[in-house]
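Student: Please take me through a single helix-packing contact in detail, and then connect that contact to its surroundings.

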Amino acid sequence: MNVGIVGSRRYRPVGLIGRLLDQLEDAYPLLTIVSGGEPTGVDNAVAEACRARGYHECSDRLCTRRRHLVEHLPTEKKRAAYFARNTLIAKDSQELYAFYAPGPLSPGTTDTVMKADSHIPVWTHHEGEWVHN
Ligand SMILES: [Zn+2]
């Protein structure tokens with residue numbers, strides 16, 4: 001199962017991410033976490049949690065390890081590259097979890113949520129509440 005986990009670059013809900021990973025590991029014998037590879041915020045907390053849990057970082061479909069982390073980084077520091085990266089995360093995931101920082105919804109996370117919403121189940125977390133889109 002490929003599960004996307006994305007969110008704000010200025011939010012680090014380490015406890016929530018740990019609980020989500022616990023649930024996903026219980027639910028799926030084979031689990032690949034797909035994230036955006038940002039050096040701060042949610043993406044970074046996801047990557048650190050996966051590394052601490054011994055996830056293998058590769059995108060080889062023939063790899064036999066049960067837990068994987070795949071990060072889709074933008075190819076360049078341009079707006080279009082970030083949106084292309086978000087498209088790739090949405091395409092590569094079979095379900096998506098998005099963590100919004102408190103306050104106004106960040107446009108980058110919303111972009112990924114909208115792209116995923118058209119074809120897979122999406123859950124968003126904002127100000128203490130989960131919403132199933
Ligand atoms: Zn691997």
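Tutor: The crossing of α3 and α4 is right-handed (the near helix is turned clockwise from the far one by less than a right angle, whereas anticlockwise would be left-handed). This is a predicted model, in which local features need pLDDT of at least 70 and side-chain atom pairs count only at pLDDT 80 or more, while totals for chains, interfaces and linings use all residues. Residues are numbered from 1 along each chain as its sequence is written.

α3 and α4, numbered from the N terminus as DSSP runs (H or I of at least four residues for helices, E of at least two for strands), pack at an angle of about 40° with their axes 9 Å apart; axes are lines fitted to C-alpha atoms, for helices over the stretch in contact, and angles run from 0 to 180 degrees between N-to-C directions. That angle makes α3 oblique to α4 (under 35 degrees is roughly parallel, over 145 roughly antiparallel, 65 to 115 roughly perpendicular, the rest oblique). From α3 the contact (backbone-placed C-beta atoms within 7 Å) is made by Tyr82, Phe83, Asn86, Thr87, Ile89 and Ala90, and from α4 by Gly108, Asp111, Thr112, Lys115 and Ala116.

Thr112 also leads onward to Ala98, which touches Val6, Gly7, Thr109, Thr112, Val113, Val122, Thr124 and His125, leaving aside residues up to four places away in sequence. Ala98 is, with Ile5, Ile33, Val46 and Leu96, among the residues with the most contacts inside the largest nonpolar core, which has 28 residues; such a core joins buried Ala, Val, Leu, Ile, Met, Phe, Trp, Tyr and Cys residues through C-beta atoms within 7 Å, buried meaning 20 or more other C-beta atoms within 10 Å (exposed, 12 or fewer; partly exposed, in between). Both α3 (79-92) and α4 (107-117) give two or more residues to this core, as do β1 (2-7), α1 (14-27), β2 (31-35), α2 (41-52), β3 (67-71) and β4 (95-100).

The open sheet has six strands in the order β3-β2-β1-β4-β5-β6, with mixed pairing (at least two DSSP bridges make a pair). β3 and β6 (129-132) stand at its edges with a single partner strand each, so one side of each lacks a neighbour in the sheet. Five bridges join the parallel strands β1 and β4, and Gly4 stands opposite Leu96 in β4. β1 also pairs with β2 in the parallel sense, over three bridges, with Asn2 opposite Thr32 in β2. Four of the five residues of β2 are buried, so β2 is largely enclosed by the rest of the structure.

Key
Two residues are in contact if their C-beta atoms, placed from the backbone, lie within 7 Å.
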